[in-house]
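Here is a friendly note to read alongside the model. Please keep the structure open as you go, and look up each part as it comes.

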Amino acid sequence: MGIFDKLKGNKTEKPRADFSNVQSGSSSTAGEPAIPAPDLSRTTGTTGQEQTYTVVAGDSLSKIAKRFYGDASLWPRLHEANRDQITNPDLIHPGQRLKIPQA
Amino acid sequence: MMTRQSGRTQLSAIVALFLVTAACGGSREAGAPATTAVRVTDVGLGRSVGGDKAITDRTDTFRPNDTIYASVATEGSASSATLRARWTFEDGQVVDESTRTIVPNNRERTEFHISKPNAWPSGKYKLEVFLDNQSVETKDFEVRGS
């Protein structure tokens, strides 16, 4: 490994605030669709047929894929489901809440 | 002879006129997607909302232990519209992102709220509201330590 690789690998980011325990919700005067859409407003857990997962320090898409699907190579499935918040699959941040599609 | 030919011509003209009219009516309808009728008219921030989901005490400065509410007013009707609230901190770190699908009927209000049991870090935050995946409004706010 060259010195540049080492430098790249050791690149430190500004410490990020921890928002992993943020709780959220919503309500409306408007009606809801007859077939309710998945409620993504929960902090974690199963919402309809979709789970959510809050990224913690040290996570990668591969690790999360391994945890939920038992196969790290299925990380593109997570990337695809979360394209609205992941532009670079090598860069996810603690506190990000990811949709976990069913295996 | 004259009468028969002119009758046919008139009939053809009437049929053609009918077809043109029908085609125009059809294309006008097809060119009006239902979602264009819905728009966000107001986004407010505060520490609480009333039964009508409107903010009761608007502010853009919060304390670390506050629950932060956003109230999104919409106008218009549609069979479905999706509102999304994306809350970010300082340089864009995502705090929370919540989505709610509604069936708006004229004037509606939808509230989103976030809380943090062990207090918000002080600093500048931003709320971005999306309607059907289109960013429609942003609001800056601040959390100041007590």
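The points below go from confidence, to each chain, to the place where the chains meet.

1. Please keep in mind that this is a predicted model. For the complex, the predictor gives an ipTM of 0.73 and a pTM of 0.56. Chain B has an average pLDDT of 82, and 75% of its residues score at least 70.

2. Where in chain B is confidence lowest, and where is it highest? The low end is helix α1 (residues 2-30) of chain B, with a mean of 47, and the high end is strand β2 (residues 61-62) of chain B, at 97. Over residues 17-35 of chain B, pLDDT stays under 50, and the model has 5 contacts beyond four places in sequence for this stretch. Where pLDDT is low, the predicted coordinates should not be read in detail.

3. Next, take a look at chain A. Its secondary structure comes to 3 helices and 4 strands, and from the N terminus on the elements run α-β-β-β-α-α-β. Chain A has 103 residues, of which 16% count as buried. Among contacts in chain A with a separation of 6 or more, 46% are between residues 24 or more positions apart.

4. Now find strand β3 (residues 68-75) of chain B. Why can β3(B) be called largely enclosed by the rest of the structure? Because 6 of its 8 residues are buried, where buried means that 20 or more other C-beta atoms lie within 10 Å of a residue's own.

5. Which strands pair with β3(B)? Strand β1 (residues 39-46) of chain B does so in the antiparallel sense, over 7 bridges; here B:V43 has B:V72 as its bridge partner. β6(B) also runs antiparallel to β3(B), joined to it by 7 bridges, and B:Y69 is matched with B:H113.

6. Follow β6(B) across to the other chain. Strand β1 (residues 23-28) of chain A is joined to β6(B) by 6 bridges, and the two run antiparallel. In this pairing, the bridge partner of A:S26 is B:F112.

7. Finally, step back to the whole interface: 29 residues of chain B are in contact with 24 residues of chain A. On the chain B side, the elements that give two or more residues are β5 (93-102) and β6 (108-115). β5(B) gives the most, with 10 residues. Sorted by class, this side of chain B has 10 nonpolar, 10 polar and 9 charged residues.

Note on methods
Residues numbered from 1 in each chain as written. Chains lettered and ligands numbered in written order. Predicted model: local features only at pLDDT ≥ 70, side-chain atom pairs only at ≥ 80, totals over all residues. Contact = placed C-beta atoms within 7 Å. Nonpolar A, V, L, I, M, F, W, Y, C, P; charged D, E, K, R; others polar. Pairing = 2+ DSSP bridges. Buried ≥ 20, exposed ≤ 12 C-beta atoms within 10 Å, placed from the backbone. pLDDT = per-residue confidence, 0-100.
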